[in-house]
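Here's a walk through a ligand site and two residues worth a look. Have the viewer open while you read.

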Amino acid sequence: MINPKEEKTFVMVKPDGVKKGLIGEIIKRLEQRDLKIVALQMFQPTKDEIDNHYPKDEQWVTRLGQKTKMTYEKYGYDAKKEMSTDNDFEIGQMVREWLVDYMTSAPLIRMVIQGIHAVDVVRKIAGPTIPSVADMGTIRGDFSIDSPLLANREKRAVMNLVHASETAEEAGQEIKHWFGENPPIFDYKRFGVDN
Ligand code: CDP
Ligand code: MG
């Protein structure tokens, strides 16, 4: 029987994950949760590829700015003083540019992961975006401690080891973006999971 929530999601090990030698650790955590790797490759992304990977719409960029501002507010910092603006969209645009620089600073690992509720389960394994909020036991909670407070002063994005699609729709777009119209997806059975 085909499970209705058997789905695919897209994961990348980011530059800090590669440079800290955490490729294996990250893959291990996905596999130990019975998720199946169905495509995997190391590659050097271009600026254009990363620029087209992250959404450009106002809603997404604004949310990026809001995540920075929430951290400032939580720790009592003044967004306007730190970023010269307290406009969510403008902050988001700055962060997005830094994000492109960060994501092109080293080779990355790209993967397609398949499993039941794969999108949500991988997000749970990765943990929330801001490492100080990520619980212990998540990849971001266990191996990173970056913050927008520090990152933005250094004019760079928050380093948090791993990218994972947030919705099934985003996963579909990202798999197509990174692996093409006919992604080289492998079909095999995991012992104890698929049979
Ligand atoms: O990666 P995730 O889906 O959890 O977060 P996002 O909101 O889609 O943001 C994409 C990436 O932008 C994050 O993973 C961070 O590397 C970076 N970011 C940042 O540098 N500063 C923020 N305030 C929010 C995100
Ligand atoms: Mg995201």
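## Around the ligand

The helix α4 gives the largest share of the shell around ligand 1, at 5 residues. Both α4 (58–74) and α6 supply at least two residues each to that shell. Helices here are DSSP runs of H or I with at least four residues, numbered from the N terminus. Keep in mind that this is a predicted model, where local features need pLDDT of at least 70 and side-chain atom pairs count only at pLDDT 80 or more, while totals for chains, interfaces and linings use all residues. Residues are numbered from 1 along each chain as its sequence is written, chains are lettered from A and ligands numbered from 1 in the order written, and side-chain values use heavy atoms, leaving out hydrogens and water.

There are 17 residues around ligand 1, and Lys14, Thr68, Arg123, Thr129 and Val158 come nearest. To count as near, a residue needs a heavy atom within 4 Å of the molecule.

## Polar contacts and burial

Which side chains put an N or O atom by an oxygen atom of ligand 1? Arginine 63 does so at 3.0 Å, and lysine 67 at 2.8 Å. Threonine 129 also has a polar side-chain atom 2.5 Å from a ligand 1 oxygen. Taken alone, ligand 1 exposes 510 Å², and the protein buries 99% of that (Shrake-Rupley areas, 1.4 Å probe).

The space that ligand 1 takes up is the largest cavity. A cavity is a set of points, on a 1 Å grid over the protein atoms alone, where a 1.4 Å probe fits but cannot get out. A molecule sits in one if more than half of its atoms lie within 2 Å of its grid points.

## Threonine 85

Threonine 85 is in the loop between α5 (79–83) and α6 (88–103). Its relative accessibility is 9%, so threonine 85 counts as buried (under 20% relative accessible area, 1.4 Å probe, protein chains only).

The side chains of threonine 85 and glutamate 90 share a polar contact of 2.9 Å; that term means a pair of N or O atoms within 3.5 Å, and within protein one must be able to donate a hydrogen and the other to accept it. Leaving aside neighbours within four places in sequence, threonine 85 is in contact (heavy atoms within 4.5 Å) with Ala79, Lys80, Glu90, Ile91 and Met94.

## Isoleucine 175

Isoleucine 175 belongs to helix α10 (residues 168–179). Isoleucine 175 is buried because its relative accessible area is 8%. Not counting residues up to four places away in sequence, isoleucine 175 touches Lys8, Thr9, Phe10, Val112, Gly180 and Pro183.

Technical notes
Buried < 20%, exposed > 50% of the residue type's maximum accessible area, 1.4 Å probe, protein only. 1 Å grid on protein atoms, 1.4 Å probe; cavity = no way out; pocket = protein on both sides within 12 Å on 5 of 7 lines; lining within 4 Å.
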